[in-house]
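Please walk me through this protein structure. I am new to it and would like short questions with short answers.

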Amino acid sequence: MAKPVSHHDLTELEIDRKKLKSVLQRFLDINQKRLEILVTNAEEAEQNFIHLLPLLFHINHPTLPGFVHSDAPCGLVNYQPDRMVVQLAKKYARSLEYKPRALRQFDIIGIYLMGSAGSVAYTGQSDLDVWVCIREDLQESDINQLERKRDLIQLWAKSLGIDVSLYLVTAENFLDKQDAQEDSEQPCLLLDEFYRTLIYIEGKYPLWWVIPEEWNSHYDLYKKKLFENKYLSENDWVDFGTVEKIPDTEFIRSSIWYINKALASPYKTALKLVLMESYAAQYPNVKPLSLEYKSFVYNLVSNATVFDSYLLMHRKVEEYLVLTNQLDRLEFVRRCLYHKIKVRLTKFQRKRSLSVQIVKDLVNEWQWSEEKLQQFDRRQHWSIEEISDEKRLYVKQLVSSFRQILEYSKKHPDLYHANRANLMRLSRKLSARLEQVSGKIEWMNMNFVRYIEERHLTLIRQKKAKDIELWSLFDHPLSQSEMSSAEPVYQCHSLIELLLWSKINGLLNERTAIQFRDSMQVLSYGELERIIRHNFQHSFSFEVVDDEVYEHSPEISQITVFVNLAHDHLAEMARQGIHIITDKTDPLSYGNEGINLIETLDLVYTNSWGELFVVHFSGHNALPNCAIALLELYQRQKLKPEFRYYCFSSMRGEAMVSRIKNLLHAVLGRYQQPHPCQLYYVFGLGGEYCMLQESEEAYAYSIAENRHLLAQQLISQRDRQQQIVFDPQCFADKVVNTALERSKPDQQKLLFRVQDSRTLSLCFVDELGGVVYWSVPATSSDAYLQQMQRFILYTNTLCHITSSTLSLEQLVDDKVTEHSVESEELPPCAVTVAIHPSASGRQLILTAKGERAEFEERDPKLAFKVSSWLERCWGHGVEAAYLHAVEFPAIDNEHLTCSQVVLEKVRIEKQLGLI
């Protein structure tokens, strides 16, 4: 590094005019080499554009591109087009007759290229960044005309297939107000990049060239001496200033910007990102790369590192990674540089001889094998496995860079606080784009290759266990003999996930030929075609979203539910010769056997962060698991998503879609309504009962194999209020849902219904929402209701509830009426049962008319023995007895609810044969 000098040294300094001229010539020689590389690498249209650009700003001609008005600002300092440029301009403006003329003033100070132009990294797909320096004192109306001219020239370039950005700058303010201006919040870093990458086109020379590095701290004084002592003429030079101390916040903001860009252009920003890390590591004693470049020029260093700006940056990054012993990252950065350059050493090169030689020298230095080079050179034809390997490497390096930036900023609290919002957005963006979580479709090709296209795909379904199936995808036709040894490119448990992954990653399109093998022999070509066609008709895709969305939690606008993809239980039974004719058509409990026809459910949704998810549920409990997943999604949502439902099965598909739609809508609706107490939603499922519940902000479900076990689960837990909701198709008897609809907290309701004079169905809802449902023969219904009332009143006393809370109602033809049981003589024998624990389970001690007997509850002949005992004691059997009271152990009396006691009464009545 050059030794700093003092202000006193400057006053004594005699500047060597010859040396000044020599330094200028060195920069111009490097400038010429960069121009040669640019022209060599550029297509003819780009070459013509670069040649014509100064003339377009020098004159106003109505047929030239960019013309706004004849009085628009123009005139480029120290510029006169040569004959070749004039002839080229006549191709676009045949009436052009250029005549040099003296201008009173020049509005354009100079035109300069910056960026990758003129380096080995410049390709036909690269963009051109151009600084057009204008006068400081232009009026706003003049600037508006120049902005209009700039926009028209950019549009003309775009029509030629050239991606160019023209920035109108001044010597005092080089931050153009175009949104596209990169690093607009990092002026020091932007100036650093400008000086080390610039190509002078026409106009004034940049003064920075001729001010030695050692005078950087006295830059303005040295400049003053140059002009005041007439070493240089101000008419020939423009001064954008020097690169002063770079604020640390610029490193953070620039790194954030580069990581964002890296997600869309993986190889373009790798070097720049690590360069920012190296700057941050040197802070506060940072020597910008532009000053190192100037030092090389002044010290007569002449090699590719000096005249190629990308190679200059690579050497700086290489030095940093070697010193910090990050050799794995160094190898990756070299890969990125090679891919960015796009010179293919294993292929024939028709031009770019200088670039080719530079790349050859680099590869020899890196000691890459021929095999590695061949793999890199056929990148546009990489398989999905190779792209996957590349992504893993890239993600590792990108996350490493983000962590280092985060750690650096956290060491400086003020810096972290100033950039906290940007860091949070970037963290969420990286999570959305790179993090793999269960069910998320991974986007493999982060623009590593232009596109992936496989002409032939093979899908295979295999049964791995009783309820586990596996779908495998192969990117080529597969014979039967190859199935056991071939490696799939993707495996999952869901057909829709497999197809969406294939589509998102470019393997599946309208021209792809697909063969499949299904070990279950269920999926047909017709169903597969319908599913694929549906996916192409709907917008299931990876979405790039604006950064603003990462300021908020992800939101889902639409959820698609696929029912029984590649599954059809009825069709499978039909193939086996089994046909079910029934009027019990509920898909959740089909036929007399109550078959659950729902075998799989798939949820597909994209959130506001652009993430695509497929959540697969299979087996007997697919529906409750799916309902819980939706409830958990819902509770994180502010806006409720729209639902779409599809089933491609040939048999009862519409009925299944309708049933699932109605059930899920009812469940989600119930749990979204205010429910201050515990809420249970119950529905029938394959001959069983499923009960959904919310517990401690989490959802769960339980399965009851029969109605009695369900009744036990529905009993309120001790002293907590609960609300029970039954699916409308859970019970054919309306007495249950009617009782629940009419129940109120702190009240008890006994609702009954006489069906066809044969059956008395009853539903009891206690003060805490506990439910007991049962039925008995309708004979002597009033007597049974009377003794039931008596029992409940006894239970009320047990549970400290007054008798005024009991309501007895009757359901007749969908109408409810209050009911009071007329006094009727009860059976002569009132039986009391005391429950005591025993070694074998529970012991029942029966008392009737002063007689007492003990029985084991598990005794299979319990009902017969009780009947015999009653007849021996007083000459009557069970038909003349009723259960008057149940006495529980003392410990239970303190905790039992009315519904628990009623359920126990009904259960014991049935065990004893009393009903």
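What follows is a set of questions and answers on cores, helices, sheets and single residues.

Reader: What should I know before reading the values?
Author: This is a predicted model, where local features need pLDDT of at least 70, side-chain atom pairs count only at pLDDT 80 or more, and totals for chains, interfaces and linings use all residues. Residues are numbered from 1 along each chain as its sequence is written, and side-chain values use heavy atoms, with hydrogens and water left out.

Reader: How many residues does the largest nonpolar core have?
Author: A nonpolar core is a set of buried Ala, Val, Leu, Ile, Met, Phe, Trp, Tyr and Cys residues joined through side-chain atoms within 4.5 Å. Buried means under 20% relative accessible area, exposed over 50%, and partly exposed in between (1.4 Å probe, protein chains only). Trp-131, Val-210, Leu-226 and Phe-240 have the most contacts inside the largest core. Its size is 142 residues.

Reader: Which residues does Val-210 touch, and how many residues are in the other core?
Author: Contact means heavy atoms within 4.5 Å. Not counting residues up to four places away in sequence, Val-210 touches Leu-20, Val-23, Tyr-222, Leu-226, Leu-232, Trp-237 and Tyr-298. Another core lies apart from the largest one, with Leu-750, Leu-844, Val-886 and Phe-888 among its members. That other core has 47 residues.

Reader: What is the angle between helix H8 and helix H17, and is their packing parallel or antiparallel?
Author: Helices (H or I, at least four residues) and strands (E, at least two) are DSSP runs, numbered from the N terminus. Axes are lines fitted to C-alpha atoms, for helices over the stretch in contact, and angles run from 0 to 180 degrees between N-to-C directions. H8 (residues 248-262) and H17 (residues 413-434) have axes 11 Å apart and pack at an angle of about 10°. Angles under 35 degrees count as roughly parallel, over 145 as roughly antiparallel, 65 to 115 as roughly perpendicular and the rest as oblique, so H8 is roughly parallel to H17.

Reader: Which classes of residue make the contact of H8 with H17?
Author: H8 contributes residues including Ile-252, Ile-256 and Ile-259, and H17 gives Leu-423, Leu-426 and Leu-430 among others. Ala, Val, Leu, Ile, Met, Phe, Trp, Tyr, Cys and Pro count as nonpolar, Asp, Glu, Lys and Arg as charged, and the others, Gly among them, as polar. The contact has seven nonpolar, four polar and three charged residues.

Reader: Which strands stand at the edges of the open sheet of four strands?
Author: Two strands pair if DSSP finds at least two bridges between them. The order is E17-E16-E15-E18, with mixed pairing. Each edge strand has a single partner, so one side of each is left without a neighbour in the sheet. The edge strands are E17 (698-704) and E18.

Reader: Over how many bridges do E15 and E16 pair, and which helix touches E15, E16, E17 and E18?
Author: E15 (residues 678-685) and E16 (residues 688-695) pair in the antiparallel sense over six bridges. The helix that packs on this sheet makes about 170° with the direction of E15. This helix is H22 (residues 653-672).

Reader: What is the order of the open sheet of five strands?
Author: The pairing in this sheet is mixed. E21 and E23 are the edge strands, each pairing on one side only. The order is E21-E20-E19-E22-E23.

Reader: How many residues of helix H24 are buried?
Author: H24 packs on the sheet, touching E19, E20, E21, E22 and E23. Val-735, Val-736, Asn-737, Thr-738, Ala-739 and Leu-740 are buried. In H24 (residues 735-742), the buried residues number six of eight.

Reader: Where is Ser-126, and is Ser-126 buried or exposed?
Author: Ser-126 lies in the loop between strand E1 (108-114) and strand E2 (128-134). Its relative accessibility is 10%, so Ser-126 counts as buried.

Reader: Which bond joins Tyr-283 and Pro-284?
Author: Pro-284 is found in the loop between helix H9 (270-282) and helix H10 (289-298). Omega is about 5°, and the bond is a cis peptide bond.

Reader: What is the phi of Lys-230?
Author: Lys-230 lies in the loop between helix H7 (219-228) and strand E6 (237-238). Lys-230 is exposed, with a relative accessible area of 64%. Although Lys-230 is not a glycine, its phi is positive, at about 60°.
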